[in-house]
Amino acid sequence: MTNNNTSLPSNHVSEQRLWNLLMDVAAYGATEKGGVNRQALSQEDVAAKTHVSRWAAERGFQCFQDDIGNLFVRREGVEPTLDPVMTGSHLDSQPTGGRFDGAYGVLAGLEVLDALNDANIQTRRPIEVVAWTNEEGSRFSPGAMGSSVFADVRDIGAVLDVTDLSGTVLKDALATTLAAVPVPQRKSGSMTPYCYLEAHIEQGPVLEERKIPIGVVSGIQGIRRLNITVTGEEAHAGTTPRRSRKDAFASTVAIISALEELTADDDDILRFTVGRCDVLPGSPNTVPGRVHFTIDLRHPDNDILRSIGDQIHTRAKEIGAPCHVEVSDISFVAPTKFDQNIMAVIGSAADRLDYSHITMPSGAGHDAMHMSNICRTGMIFIPCLRGISHNETESATAEDLAAGTRVLADTIVHFASQ
Ligand code: HGY
Ligand code: MN
Ligand code: MN
């Protein structure tokens with residue numbers, strides 16, 4: 001890092017302070033294998049948000065949560081009525097998640113606020129760091145929930161009655177969280193960001209393989225999520241001949257093999273994943289009467305995503321006979337393109353700091369996909385170990401984490417001075 005322009009916050013980003021904060025928050029929901037299980041609106045999620053609210057209070061920053069539990073830390077600007085520059089990501093994790101997915105973007109934002117204080121830089125615009133509620137969507141589906149409600153892409157009323165596998169209703173878990181996190185509420189919609197920036201680990205192998213510290217993200221591929229329910233007939237495993245069975249699991253296997261064929265793609269761009277499959281009643285000597293399974297489908301081309309998703313609806317019903325098959329769309333987010341000017345500012349901040357960088361798309365979904373509907377949006381990627389994520393072994397180096405934060409800091413100041 002060569003720029004010695006002390007008036008830039010990047011000079012005051014502390015690699016150690018950022019690492020310590022990441023490890024402090026990684027303790028909430030820490031697993032034996034070195035990852036985190038900090039699912040949305042869980043007590044671990046509340047603990048992490050409470051930690052952030054204490055961090056803010058120690059520095060005199062205002063902290064709020066809105067009616068879907070998004071948490072905001074605000075550093076005032078010289079002109080407080082101007083729309084703030086917003087940065088952040090999510091604190092919730094997968095059940096067997098890593099310490100950096102999401103948490104990095106939130107805590108890098110807090111490190112930027114510390115660096116601005118150290119540099120005694122006052123920005124024209126306020127800056128807000130956000131921790132979005134339920135980005136992962138693993139406990140309560142769909143994901144990117146808090147940002148979609150904030151961006152008016154989804155109405156909060158459409159998600160309050162969603163339940164998790166244990167039967168907990170979202171609105172109850174949300175009420176517990178809102179009561180437990182010791183910060184005042186701020187009405188959703190009371191603020192529109194001037195722009196939104198998100199720092200995130202790449203969650204893929206490109207940057208590490210090419211030994212490049214910074215990814216300037218061009219956009220996010222489209223994501224379509226579907227739920228499939230196969231209904232057959234429970235029967236005795238010993239007495240029921242094959243010819244009269246309506247075996248929901250046997251039909252499910254046939255459906256999934258047919259869909260694997262349908263989505264096989266020579267250039268390996270289409271992503272088809274069955275991440276959850278519940279076989280009911282789950283007794284070894286009863287022919288399964290019901291199966292629920294999920295489909296996560298992704299592609300950078302919206303037309304392909306639409307047509308393959310529609311074919312899944314028809315093929316699943318054809319193949320599933322003699323069982324009854326229902327296919328429902330849970331969410332469909334079109335491919336996102338990020339703002340060219342923001343991408344250029346990120347690139348020049350990286351150049352000034354002597355960090356090599358490439359422009360690249362995101363295979364993973366992020367809250368930025370919803371924020372791009374309401375304001376200019378950009379993302380900064382850093383490498384992660386072997387490109388692994390949604391895995392307890394997920395890792396990133398303190399050096400790369402700090403590099404991404406320096407680029408984020410100078411990019412934020414660029415826009416907060418406008
Ligand atoms: O599923 C996703 O792409 C995100 O990591 N939650
Ligand atoms: Mn993430
Ligand atoms: Mn994730």
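Helices α3 and α11 are oblique to each other in this predicted model, because their packing angle of about 60° falls outside the ranges that count as roughly parallel, roughly antiparallel or roughly perpendicular. The axes of α3 and α11, the latter spanning residues 398–416, are 9 Å apart, and the crossing of the two helices is right-handed. On the α3 side, the contact involves Tyr-104, Ala-108, Gly-109, Glu-111, Val-112 and Leu-116. These residues meet Asp-400, Leu-401, Gly-404, Thr-405, Leu-408, Ala-409, Ile-412 and Val-413 of α11. By residue class, the contact of α3 with α11 comprises nine nonpolar, three polar and two charged residues.

Helix α3, which covers residues 103–118, also packs against helix α1, residues 15–26. Here the angle is about 140° and the axes are 10 Å apart. At that angle α1 is oblique to α3, because roughly antiparallel is reserved for angles over 145 degrees. The crossing of α1 with α3 is right-handed. From α1, the residues in contact are Arg-17, Leu-18, Leu-21, Leu-22 and Val-25. Their counterparts in α3 are Ala-103, Tyr-104, Leu-107, Ala-108, Leu-110, Glu-111, Asp-114, Ala-115 and Asp-118. The contact of α1 with α3 contains 10 nonpolar and four charged residues, and no polar ones. Tyr-104, Ala-108 and Glu-111 of α3 take part in the contact with α1 and also in the contact with α11.

Beyond α3, in the loop that leads from this helix to β4 (127–132), lies Asn-120. The phi angle of Asn-120 is near 55°, a positive value in a residue that is not glycine. Most residues other than glycine have a negative phi, and most peptide bonds are trans.

Two cis peptide bonds were identified, each preceding a proline. One runs from Leu-280 to Pro-281, with omega near 10°. Pro-281 is placed in the loop between β10 (277–280) and β11 (286–287). The other joins Ala-321 and Pro-322, with omega about 10°. Pro-322 sits in the loop between α8 (302–320) and β13 (324–333).

Ligand 1 is surrounded by Glu-135, Glu-136, Arg-225, Arg-298, Ala-364, Gly-365 and His-390. Polar contacts to the ligand include one from Glu-136, where an N or O atom of the side chain is 2.9 Å from a nitrogen atom of ligand 1. Arg-225 places a polar side-chain atom 3.3 Å from an oxygen atom of the ligand. At Gly-365 the backbone is involved instead, with an N or O atom 2.6 Å from an oxygen atom of ligand 1. The surroundings of ligand 1 thus contribute side-chain atoms from Glu-136 and Arg-225, and a backbone atom from Gly-365.

Key. Residues are numbered from 1 along each chain as its sequence is written. Chains are lettered from A and ligands numbered from 1 in the order in which they are written. This is a predicted model: local features need pLDDT of at least 70, side-chain atom pairs count only at pLDDT 80 or more; totals for chains, interfaces and linings use all residues. Side-chain values use heavy atoms; hydrogens and water are left out. Axes are lines fitted to C-alpha atoms, for helices over the stretch in contact, and angles run from 0 to 180 degrees between N-to-C directions. Helices (H or I, at least four residues) and strands (E, at least two) are DSSP runs, numbered from the N terminus. Angles under 35 degrees count as roughly parallel, over 145 as roughly antiparallel, 65 to 115 as roughly perpendicular and the rest as oblique. A crossing is left-handed if the near helix is turned anticlockwise from the far one by less than a right angle, and right-handed if clockwise. Contact means heavy atoms within 4.5 Å. Ala, Val, Leu, Ile, Met, Phe, Trp, Tyr, Cys and Pro count as nonpolar, Asp, Glu, Lys and Arg as charged, and the others, Gly among them, as polar. A residue is near a molecule or strand if one of its heavy atoms lies within 4 Å of it. A polar contact is a pair of N or O atoms within 3.5 Å; within protein, one must be able to donate a hydrogen and the other to accept it, and residues adjacent in sequence count only if both atoms are side-chain atoms.
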